[in-house]
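Okay, my turn, thanks everyone. I'd like to walk through the empty space and the packing in this one, so let me put it on the screen.

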Amino acid sequence: MITRAFDRSAMSWSYEMHLQPMLSATDIEGLPFGSVFGSVPAHTVSKRHAHQDGEMFIVLAGKAVVVLGEEERVLGPGEVVHLSPFGFHEIRNDFDEPFDIVSVFWEHIPSAVAVLEKSPPRDQLAERSLVFCPPPTPNGGLHLGHLAGPYVRADMLARALRSMGREARYVTGTDDHQSYVAAAARLRGTTPAEVATAEGDAIVATLRSAGVTLDRLTRPAADPGHGARIRELLDKVAASPAAKEEERPTAYCPTCALSLHQAFARGRCAHCDAASDGEICEACGRPNEARELSAAHCRICGTEAVTRTERALWLDLDAYAAELREYLRLAHTPPDLLTLVERLLDEGLPAYRLGRTTEWGVDLGDGQALDAWADLALTFLDAARTESEQNGPARIALFLGYDNSFYYAVLLPVLAFAAGLADHLPAAFVTNQFLHLGDEKFSTSRGHAVWADDALAAAGPDAVRLALLREAPEGRVTRITAERAGQLTEDPLYRAAHAWLDGFAASAGEDGAVVPGTGAWTDVHREFYRYLNLATRQLDGLLLPESFSARSYVDQLESFVTRCAEFRAAEQALRATPSLAEEARTSLALEYLAAKVFAALAWPITPGLAQRVWEWLGLPGEPVREADWTFLPSGTRCAAPAPAPAAASGHA
């Protein structure tokens, strides 16, 4: 006889609850399930998670809310609940006593596969989405490193969502009130407003040249109502018990008579010793105050920083630590971002200064303006709120660089909590690291850059987008060489698509080609048609914000083109055999269908080429991504010549 007893002293901490092994196949040969005792402490929530196993909770003592997907049930002693495979679940114990259970779990792969088949990726996409990108700072032009981060990847998602019939709006703008704009103006001998306008106009033009859709642009310096709206939100923040006026020591340049912060300060990070500006370290992502930098000095004149006392509005971020943890638990937060924020939370969040001694930005009176990053966060919330009021609620996905993690995953949510706007926070964060040119970061000041406008003029938007998506710095630093940057049209997918599409032209007459209806099917035809649908579902899965990967999407689309080219090569003999004329019709109909599928799948990456293929096939509007692919109507005439990639052939 084998016995086990519930023993709190024998429990370990896992899944954010107490667990103790019970019985499994290790104890009893052939036992088809595993089991554990579990206990969720009072007023805690277990980790939200999913797995391939089926699972059953048998309640021993206490009460709690068991959550499975969108369902919630309050369970007590003697009750049982079944949790299906891949269903996200958690236990929320809002009561005063521990919630004690036995968990029995088993693996039944057919059930797990059936669950996946019943919930294809596109069914998990929201009907309405807002795709946000941090507004670039208008203190200079965009280089390929800028585009490779969030901007083209976010456009890729927005286009894909629209092609599936979802409503998606792309929101970005220019970060006009950044201290970097004011610093650039000082160094150039002009005004921040002039820099923000000229450089901002150029940035917007570059994004549009790259085929980036821009549905809402936030341009604070050009928006006469911006200051009033942002001050209204700041008043709500200032009313929070966590906000108060305080006098604190601040870095200062006596030569320039300048309060040093952000772009005006330079030194080394006190945490990782990397070169850093004030308030944030790009290398480790940690916040700092300019006075905390080692060897802090004025970026304008180089004078060593001194300190002086300044009075300003400060916000105690740590007062919202519990609320922030709960928000990040429910939102999709990538591991690199979550690791940073959890470390900051464990160390205790610093207070954040909301007013800066500067003349540039939203005027707060008494020689102060709103901190640029607080301005940016409130601008985000203002835009999200306006979009919701004008177009209805939407799920927000925020693409951002890892160096902005603190501002978007800590400061933004805390300001939203304080202002009562938590409903307008991102549901998913999609991060990126950096694209390097060779072995070093792109650097405007050192001229170590390939400018986006130059690359777009030389290779065209499709080739630039494809190269940057292939080398997207997702979860790691990636590199592009100067040589490769000068040969963007040599991309393998670009060349493979060119060769495959040229094959359509070779088989068509002077007046183009007529798409046949299907005839007799072979096993090869059936499996190729199955592949077209399965490949689409696989690529759909890479478009969920929670699993988004531009790099993997490009790789799989390249494999798709290779598979289509192989299908054509293998079918040539069949098409040339008179007795197989009925099979030849199906073969050709399938290949033209593959061109239709390619146009829809390529639309998020190379919109120019995709649109040309779509129009060549006689299809109206923009490419549409079908869940199950329908053939082109028999008799459809495809004009000659067939479409092909073209360098610098205009913008999508």
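The largest cavity comes out at about 90 Å³, and keep in mind that this is a predicted model. In total we get five cavities of 30 Å³ or more. So what lines the largest one? Among the lining residues are Phe132, Cys133, Pro134 and Pro135, then Val171 and Thr172, and also Leu376, Thr379 and Phe380. Two elements give two or more residues to that lining, strand E12 (167-173) and H8. H8 gives the most, with three residues. By class, you're looking at nine nonpolar residues, three polar and no charged ones.

Now, the second largest pocket. That one holds about 1,600 Å³ of space, and 50 residues line it. If you want to place its centre, the lining residues nearest to it are His146, Tyr180, Glu282, Asp403 and Lys441. Helix H8 (372-391) turns up in this lining as well, with at least two residues, and so do helix H2 (144-163), helix H3 (179-188), strand E17 (275-277) and strand E26 (435-437). The class split here is 23 nonpolar, 18 polar and nine charged.

Last bit, packing. In soluble globular proteins, nonpolar side chains tend to be buried together. Here the largest nonpolar core has 93 residues, and those with the most contacts inside it include Leu147, Trp500, Phe560 and Leu617. Take Leu617: skipping neighbours within four places in sequence, Leu617 touches Tyr592, Ala595, Lys596, Leu632, Thr636 and Cys638. There's also a second, separate core of 58 residues, with Leu234, Ala243, Ala321 and Leu378 among them.

That's me done.

Note on methods: Residues numbered from 1 in each chain as written. Predicted model: local features only at pLDDT ≥ 70, side-chain atom pairs only at ≥ 80, totals over all residues. Heavy atoms only, no water. 1 Å grid on protein atoms, 1.4 Å probe; cavity = no way out; pocket = protein on both sides within 12 Å on 5 of 7 lines; lining within 4 Å. Points joined across faces, edges and corners; volume = space filled by probe spheres on them. Helix = DSSP H or I, 4+ residues; strand = E, 2+ residues; numbered from the N terminus. Nonpolar A, V, L, I, M, F, W, Y, C, P; charged D, E, K, R; others polar. Core = buried A, V, L, I, M, F, W, Y, C linked by side-chain atoms within 4.5 Å. Buried < 20%, exposed > 50% of the residue type's maximum accessible area, 1.4 Å probe, protein only. Contact = heavy atoms within 4.5 Å.
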